[in-house]
Amino acid sequence: MGNALRLLYGQCCGEPPTTTTAHGGAGDQPLGHHGVSSSSVGVSALAQHLYHFEITSQVPEGLSKHVSSSKKAQSNWYKKLSKAWRESKPPPKTPEEASRLVIRILHTRQIADIQVDPRAVADGDGATVYVSTSDTRESSRVPPEIQMAAVERNEARAQRNFTKADKLLKQIKDAGYGVLHINNEEILARKYRIRLRGIDAPENAMPYGKEAKDELVRIIDGKCLKILIFDEDQYGRFVGDMYCNGIFVQKLMLKKGLAWHYTAYDKRPELAKWEKSARDKRIGLWASSNPEMPWEWRKNRRENR
């Protein structure tokens, strides 16, 4: 994300796209009309890049040379920035104000105090985790009806009205929450489906699929986790980097030969280096001379339906 911030700041000082007018029909005006000072050339250029994205859905050319994130992630950043820029009152007028806006909008989201459900580790690159709503970052996000459902469920269980309690639990789960049992206490928790960023592990039905899944469970079960969220995929999973007791989980999976570097979505060179290390040692799935890549495996299954 730091690379993205540097690149976006660099775009402020580069040549803007050829499009120079803002919405308004016959009264079209240069983007500076929206509050960008004509003396702040760099800020005006960034504004024009954002406007260019709004009408073309294209991020600046060359962005991928400076950031490791996928085109989808880059597009999501620009969508957020464009919306925030339009809604800013007043819009940024100086490079410092623009930088603060960029940092506020693109700052990665971190979730901690995580409990892992080992049964919900889907494969070697995904897991379902739960974050207690006692965490200050989560408590303010809990819908009032879910807070009430949790209280009423506890009361129903105390009255041994398990039919009502089960109905309330379903309401809680349908809203994306769960109930954890910790130290003989029930805790309301937010459920997150996590996709590990930058790697693709063998599917369960593939060679080394079970080994990859079992290894991920071994690494994260019962451990202290920190997850940095960068994106959300088409299946509603949060895409992020996972750290276990300070150790980068994707690094462990790659070096053990239990995952590929997913280059279609992540260009980070360190991931390629860790995959190469496992390849050279012929460990894990690299014991085979030509292991089938999971994205090709999935594609073949879709085509053969």
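This passage describes charged residues and selected backbone features in a predicted model.

Salt bridges come first. A search of the whole structure finds 20 of them. One joins arginine 153 to glutamate 186, where the closest N and O atoms lie 2.7 Å apart. Arginine 153 belongs to helix H6, which spans residues 144-158, while glutamate 186 belongs to strand S5, which spans residues 185-196. The pair therefore ties together parts that are 33 residues apart in sequence. The two partners can also be described by their accessibility. Arginine 153 counts as buried because its relative accessibility is 6%, below the 20% limit for that class. Glutamate 186 counts as partly exposed, at 23% relative accessibility.

A second salt bridge links arginine 141 and glutamate 138. Their closest N and O atoms are 3.4 Å apart. Here the arginine is partly exposed, with a relative accessibility of 38%. Glutamate 138, in contrast, is buried, at 1% relative accessibility.

A third salt bridge pairs aspartate 233 with arginine 237. The closest N and O atoms in this pair are 2.7 Å apart. Both aspartate 233 and arginine 237 are buried.

Some salt bridges join into a network. Asp125, Arg195, Asp200, Glu203 and Arg298 are linked in this way. Two members of the network, arginine 298 and glutamate 203, are 95 residues apart in sequence. In space, their C-alpha atoms are 8.5 Å apart. Arginine 298 lies in helix H11, which covers residues 294-303. This arginine is partly exposed, at 21% relative accessibility. The value places arginine 298 in that class because buried means under 20%.

Positive charge also gathers on the surface. Lys251, Lys255, Lys273 and Lys281 form a patch there. Helix H9 (249-255) and helix H10 (269-281) are the elements that each give two or more residues to this positive patch. Lysine 251 is found in helix H9. With a relative accessible area of 30%, lysine 251 is partly exposed.

Arginine 268 sits in the loop between strand S10 (260-261) and H10. This arginine counts as buried, at 9% relative accessibility. The side chain of arginine 268 makes a polar contact with the side chain of aspartate 266, at 2.8 Å.

Backbone angles mark two further residues. Tyrosine 208 has a phi near 70 degrees, a positive value in a residue other than glycine. Its loop runs between strand S6 (199-200) and helix H8 (209-220). Tyrosine 208 is partly exposed, with a relative accessible area of 30%. Arginine 282 has a positive phi as well, of about 55 degrees, although arginine 282 is not a glycine. This residue is found in the loop between H10 and helix H11. At 47% relative accessibility, arginine 282 counts as partly exposed. The class follows because only values over 50% are called exposed.

Two helix residues complete the account. Glutamine 147 is placed in helix H6, the helix that also holds arginine 153. Glutamine 147 is partly exposed, at 39% relative accessibility. Along the sequence, glutamine 147 and threonine 133 are 14 residues apart. Their C-alpha atoms are 9.7 Å apart in space. Lysine 170 is found in helix H7, made up of residues 162-174. Lysine 170 is exposed, since its relative accessible area is 52% and the exposed class begins over 50%. The C-alpha atoms of lysine 170 and alanine 149 are separated by 9.8 Å. Along the chain, these two residues are 21 residues apart.

Key
Residues are numbered from 1 along each chain as its sequence is written. This is a predicted model: local features need pLDDT of at least 70, side-chain atom pairs count only at pLDDT 80 or more; totals for chains, interfaces and linings use all residues. Side-chain values use heavy atoms; hydrogens and water are left out. Patches are made of residues with over 30% relative accessible area and no salt bridge: like charges are joined within 9 Å, nonpolar side chains (Val, Leu, Ile, Met, Phe, Trp, Tyr) within 5 Å. Accessible areas come from the Shrake-Rupley method with a 1.4 Å probe; for residues, only the protein chains shown count as cover. A salt bridge is a side-chain nitrogen of Lys or Arg within 4 Å of a carboxyl oxygen of Asp or Glu. Lys and Arg count as positive and Asp and Glu as negative; His and the chain ends are not counted. The place of a charge is taken as NZ of Lys, CZ of Arg, CG of Asp or CD of Glu. Helices (H or I, at least four residues) and strands (E, at least two) are DSSP runs, numbered from the N terminus. Buried means under 20% relative accessible area, exposed over 50%, partly exposed in between (1.4 Å probe, protein chains only). A polar contact is a pair of N or O atoms within 3.5 Å; within protein, one must be able to donate a hydrogen and the other to accept it, and residues adjacent in sequence count only if both atoms are side-chain atoms.
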